[in-house]
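This briefing is meant to be read with the sequence and the three-dimensional picture side by side. Please find each residue in both as you go through the points.

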Amino acid sequence: MLPGAIYSTGSILYDAPMNLILIHGAWHDAWVWDPILPYLGDFQNVIALSLPGRTPEASKAYKKIDLTTHVDAIGLALSALEGPSMLVGHSLAGLSISQAA
């Protein structure tokens, strides 16, 4: 993002760089965003979030993971950042993002 530029996310305009949180879909993890990360340098912070239950270590607890667990993880990521943030996701992440917003 260029200094002094105005950025639009729908009908909201921002005059400061924003954070970008990338959220993977079902059967993926944060690695799915690796190919595009080099192109996202204009954002203040870029986080490819791994949702709970997506690692091999967590597979035993997977039955305890639900939509609320994913929404809470997104909320924690948002609360750790200062300034405006944009959530981007694909597949099942759309459901989690809409609930987190």
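## A buried asparagine and its surroundings

Asn-19 has a relative accessibility of 0%, and because buried means under 20%, this residue counts as buried. The model is a predicted one, and the points below begin with Asn-19, which lies in strand 3, before turning to the whole chain, the two helices and a loop.

**Around Asn-19**

- The side chain of Asn-19 makes a polar contact with the side chain of Ser-85, at a distance of 3.3 Å.
- When neighbours within four places in sequence are left aside, the residues in contact with Asn-19 include Phe-43, Gln-44 and Asn-45, and in a later part of the sequence they include Leu-81, Glu-82, Gly-83, Pro-84, Ser-85 and Met-86.
- Ser-85 therefore appears twice in this picture, as a partner in the polar contact and as one of the residues in contact with Asn-19 under the cut-off of 4.5 Å between heavy atoms.

**The chain as a whole**

- The chain contains two helices and five strands, and, read from the N terminus on, these elements follow one another in the order β-β-β-β-α-β-α.
- Of the 101 residues in the chain, 29% count as buried.
- Among the contacts in the chain with a separation of 6 or more, 64% come from residues that are 24 or more positions apart.
- The chain exposes about 6400 Å², and carbon and sulfur atoms supply 61% of this area.

**Helix 1 and its two sides**

- Helix 1 covers residues 67-79, and its 13 residues, at 1.5 Å a residue, should span 18 Å, which agrees with the 18 Å that separates its end C-alpha atoms.
- The buried residues of helix 1 are His-70, Val-71, Ala-73, Ile-74 and Ala-77. Around the axis they cover an arc of only 160°, and therefore they lie on the same side of helix 1.
- The cover over these buried residues includes strand 3 (19-23), strand 4 (46-49), strand 5 (85-89) and helix 2 (93-100).
- On the other side of helix 1, Leu-76 and Ser-79 are exposed.
- At the start of helix 1, a side-chain oxygen of Asp-66 reaches to within 3.2 Å of the backbone nitrogen of Thr-68.

**Leu-78, a residue of helix 1 that comes back towards the subject of Asn-19**

- Leu-78 has its place in helix 1, and because its relative accessible area is 27%, it counts as partly exposed, a class that lies between the limits of 20% and 50%.
- Leu-78 and Asn-19 are 59 residues apart in sequence, while the distance between their C-alpha atoms in space is 9.0 Å.
- Leaving aside its neighbours within four places in sequence, Leu-78 is in contact with Ile-21, Ser-85 and Leu-87, and Ser-85 is also in contact with Asn-19.

**Helix 2 and its buried face**

- The buried residues of helix 2 are Ala-93, Ser-96 and Ile-97. Seen down the axis of helix 2, these residues fall within an arc of 95°, so they line one face of the helix.
- What covers the buried residues of helix 2 includes strand 3, helix 1 and strand 5, just as helix 2 is included in what covers the buried residues of helix 1.

**Loops and positive phi values**

- Trp-27 is found in the loop between strand 3 and strand 4, and its phi is near 65°, which is a positive value in a residue other than glycine. With a relative accessibility of 69%, Trp-27 counts as exposed, because exposed means over 50%.
- Ser-91 lies in the loop between strand 5 and helix 2, and although it is not a glycine, it has a positive phi of about 60°. The relative accessible area of Ser-91 is 56%, and it is therefore exposed.
- Which residues does Ala-26 touch, when those up to four places away in sequence are not counted? Ala-26, found in the loop between strand 3 and strand 4, touches Ser-91 and Leu-92.
- Ala-26 is partly exposed, with a relative accessible area of 25%, and although Ala-26 and His-90 are 64 residues apart in sequence, they are 8.6 Å apart in space, C-alpha to C-alpha.

Technical notes. Residues are numbered from 1 along each chain as its sequence is written. This is a predicted model: local features need pLDDT of at least 70, side-chain atom pairs count only at pLDDT 80 or more; totals for chains, interfaces and linings use all residues. Side-chain values use heavy atoms; hydrogens and water are left out. Helices (H or I, at least four residues) and strands (E, at least two) are DSSP runs, numbered from the N terminus. Buried means under 20% relative accessible area, exposed over 50%, partly exposed in between (1.4 Å probe, protein chains only). Accessible areas come from the Shrake-Rupley method with a 1.4 Å probe; for residues, only the protein chains shown count as cover. The expected span of a helix is 1.5 Å times one less than its number of residues. The arc is that of the directions from the helix axis to the C-beta atoms. A polar contact is a pair of N or O atoms within 3.5 Å; within protein, one must be able to donate a hydrogen and the other to accept it, and residues adjacent in sequence count only if both atoms are side-chain atoms.
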